[in-house]
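Work through the exercises below with the sequence and the 3D structure open beside you. Each task is followed by a solution that goes step by step.

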Amino acid sequence: WSTVANGGFELSDALLDSLRRWDVEFWSDIDPRMIQWLDDLRAAGFKTALLSNMHADMAAYARKSLPWLARLDVCILSCELRLTKPGRPIFERCVQELKLEPHEVLFIDDLQPNVDGAIAAGLRALRFESIAHLGTALAPLHVPPPSSTRQGPRRPA
């Protein structure tokens with residue numbers, strides 16, 4: 001928001017506080033199917049990680065208010081490391097903390113430059129387009145899909 005203000009916009013302290021709060025609220029809407037999928041992956045023996053270009057306000061909120069983060073093997077938030085996707089160093093850090101080789105890691109992101117950055121760092125990577133698409137893309141990799149894409153009865157949310 002400071003960048004916006006430096007572009008010639010006048011932002012009062014009150015407005016800036018509101019914008020920061022609204023930004024955190026916007027990014028806090030987590031699809032429970034994806035959280036269930038994280039649990040399913042862990043139950044199947046997969047390591048899980050979050051690698052996010054999350055800003056400092058969101059990181060503070062996430063660390064305090066999102067209990068599912070504790071169920072991940074690794075949680076890398078760019079603002080805490082001062083590294084960002086799609087740069088190679090943040091992918092290398094994630095792989096190192098997972099204690100895996102780059103080719104053993106599957107990175108999923110909705111932004112193509114981040115997918116390209118992961119591939120350049122030696123990871124396998126998929127672009128997230130929808131949960132249904134993800135289920136289809138994971139099948140040849142022998143990775144369990146999110147539960148909403150499986151055949152048979154759905155688990156309650």
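The exercises that follow deal with a pocket, with a loop and with backbone angles. This is a predicted model, in which local features need pLDDT of at least 70 and side-chain atom pairs count only at pLDDT 80 or more, while totals for chains, interfaces and linings use all residues. Residues are numbered from 1 along each chain as its sequence is written, and side-chain values use heavy atoms, with hydrogens and water left out.

**Exercise 1.** Describe the largest pocket and its lining.

Solution. Begin with the volume, which is about 1700 Å³ for the largest pocket. A pocket here is an open set of points on a 1 Å grid over the protein atoms alone, where a 1.4 Å probe fits and protein lies on both sides within 12 Å along at least five of seven lines, and a lining residue has an atom within 4 Å of a point. The volume is the space filled by probe spheres set on the points, which are joined across faces, edges and corners.

Next, find the centre: of the 44 lining residues, Ala49, Leu50, Leu51, Ile108 and Asp109 are the closest to it. Elements that give two or more residues to this lining are α2 (13–27), α3 (32–43), β1 (49–52), α6 (88–98), β3 (106–109) and α8 (131–138), and the largest share, five residues, comes from α3. Helices (H or I, at least four residues) and strands (E, at least two) are DSSP runs numbered from the N terminus.

**Exercise 2.** Place Thr84 in its surroundings.

Solution. First locate Thr84 in the loop between α5 (78–81) and α6. Then look for its contacts (heavy atoms within 4.5 Å): leaving aside neighbours within four places in sequence, Thr84 touches Asn53, Ser78 and Ile90. Finally, compare sequence with space, where Thr84 and Asn114 are 30 residues apart along the chain and 9.5 Å apart from C-alpha to C-alpha.

**Exercise 3.** Is Arg82 buried or exposed, and what is its phi?

Solution. Arg82 belongs to the loop between α5 and α6, and it counts as exposed because its relative accessibility is 75%, where exposed means over 50% relative accessible area, buried under 20% and partly exposed in between (1.4 Å probe, protein chains only). The phi of Arg82 is near 60°, a positive value in a residue other than glycine. Most residues other than glycine have a negative phi, and most peptide bonds are trans.

**Exercise 4.** Which omega does the peptide bond from Lys85 to Pro86 have?

Solution. Pro86 lies in the loop between α5 and α6, and the bond that leads to Pro86 from Lys85 is cis, with omega near 10°.
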